[in-house]
Amino acid sequence: KKVMLSGIQPSGDLHLGNYLGAIKNWGARADEFDCYYFMADMHTITVRQTPADLRRRTLEQLAQYIACGLDPEKNTLFIQSHVHQHAELGWVLNCYTMFGELSRMTQFKDKSAKNADNINGGLFTYPSLMAADILLYQPDFVPVGEDQKQHVELTRNVAQRFNHIYGDVFKIPEPYIPKAGARVMSLNAPESKMSKSMPEGCVFLMEKPEDIQRKFKRAVTDSDTEHCVRYDREHKPGVANLMQIYSACTGKSYEEIEREFDGQGYGVFKPAVGEAVVDLLRPIREEAQRILADKAYLESVYHAGAEKASYVAQKTLRKVYKKVGFVAR
Ligand code: TYM
């Protein structure tokens, strides 16, 4: 069976960008693939966190993964810090990742600009840990949004470098990026990607329907007097973003959407997109709330997940330790 793996940082509440860019493409393939999905809590502490919030959000994220359709019977769901092999392989890969490569990572540049008072070593070497997350499980595909492509490419380079020295240790993974939803933009600032740091332009999975609708009604479009719903990323970024969201929610093509709203204007289009998102998220929200209330169930899921993940991860780690010359214990 082919293997698929991905993770999300529990650094804030999950939003529509996380869902359309990543999670939506995870569950669909559980029968074809051996799937590993985790809460990247170790990555999250590269930026200061309130401990109680991190703990709560990690469990909420797990409940939301399940509510999004990731059946724990078919997918291995785990918490990164429960599988110590991530930190161990992360260290080894640090020694095979170049300072120059890490310096070129756009996520590092963005985050160090935003957190100028805490540019720590972990923030810088974050991509080596991410490479370890991935390579431990020898996945074929890593389903992520556009913004993580650079990290997956670095992972490929590090794996190739390691294999070149020691023989075939790692499978070289491919990023798996969706056609619609790979880069969901902020609703009120469509030149920036949707992120929790700009909450007014961001739709959270657990948000109330009326709040979601309000955000869509206020979404920034453009000053086109015709109010034409047409896909043009460069000249009409706000409309193109709404069309992307609508397409990802309904499966309709851009031509179909243009036809559907022909001559109707933004006043009809925006609430229609809001409605499609509300319909998509309503069952997820209700299911997540139900699951979150069952702490014993969540615990059983992450226990089983960590056990399964550790078993697989240890096989790779053992091979790596041997290759680099560590004495077997
Ligand atoms: P993170 O936690 O920032 O985001 C999680 C996933 O959501 C996608 N995403 C988006 N997709 C479309 N539009 C958006 N506006 C948007 N915002 C976020 C991201 O591309 C990602 O797929 N480094 C990773 C977490 C990670 C990881 C890994 C991922 C750690 N180890 C191993 C894959 C494999 C991150 O910061 O994603």
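This report describes the domains, one buried helix, an annotated residue and the ligand shell of a predicted model.

**Domains and their contact**

The domain assignment divides the protein into domain 1 (2–182 + 294–324) and domain 2 (207–289). Between the C-alpha centres of domain 1 and domain 2 there is a distance of 30 Å. Eight residues from domain 1 and eight residues from domain 2 make up the contact. On the side of domain 1 that touches domain 2, helix 1 and helix 3 (51–67) each supply at least two residues. Helix 3 accounts for the largest share of that side, three residues. By class, the side of domain 1 that touches domain 2 comprises six nonpolar, two polar and no charged residues.

**Helix 10**

Helix 10 covers residues 237–250, a run of 14 residues. From its first C-alpha to its last, helix 10 reaches 20 Å, close to the 20 Å expected at 1.5 Å a residue. Twelve of the 14 residues of helix 10 are buried, so this helix is largely enclosed by the rest of the structure. Among the buried residues are Gly238, Leu242, Met243, Ile245, Tyr246 and Cys249. Their cover includes helix 1 (16–27), helix 11 (254–260) and helix 12 (266–292). After helix 10 comes Gly251, which has a positive phi near 80°.

**Asp133**

An unreviewed UniProt entry lists Asp133 under "binding site". Asp133 is part of helix 7 (residues 121–135). Asp133 counts as buried because it has 28 C-beta neighbours inside 10 Å, where the threshold is 20 or more. Leaving aside residues up to four places away in sequence, Asp133 touches Gly7, Gln80 and His86.

**The ligand shell**

The ligand is surrounded by 25 residues, of which the closest are Gly17, Gly21, Ala22, Val144 and Gly145. Strand 1 (2–8), helix 1 and helix 7 are the elements that give two or more residues to this shell. Helix 1 gives the most, with four residues. The composition of the shell by class is set out below.

| Class in the shell around the ligand | Number |
|---|---|
| Nonpolar | ten residues |
| Polar | eleven residues |
| Charged | four residues |

Helix 1 thus recurs in several parts of this description: it supplies at least two residues to the side of domain 1 that touches domain 2, it is included in what covers the buried residues of helix 10, and it gives four residues to the shell around the ligand. Helix 7, which holds Asp133, is likewise among the elements that give two or more residues to that shell.

Note on methods
Residues numbered from 1 in each chain as written. Predicted model: local features only at pLDDT ≥ 70, side-chain atom pairs only at ≥ 80, totals over all residues. Expected span 1.5 Å × (residues − 1). Contact = placed C-beta atoms within 7 Å. Domains from an automatic or database assignment. Nonpolar A, V, L, I, M, F, W, Y, C, P; charged D, E, K, R; others polar. UniProt positions renumbered as here; feature names shortened; annotations may be inferred. Near = placed C-beta within 6 Å.
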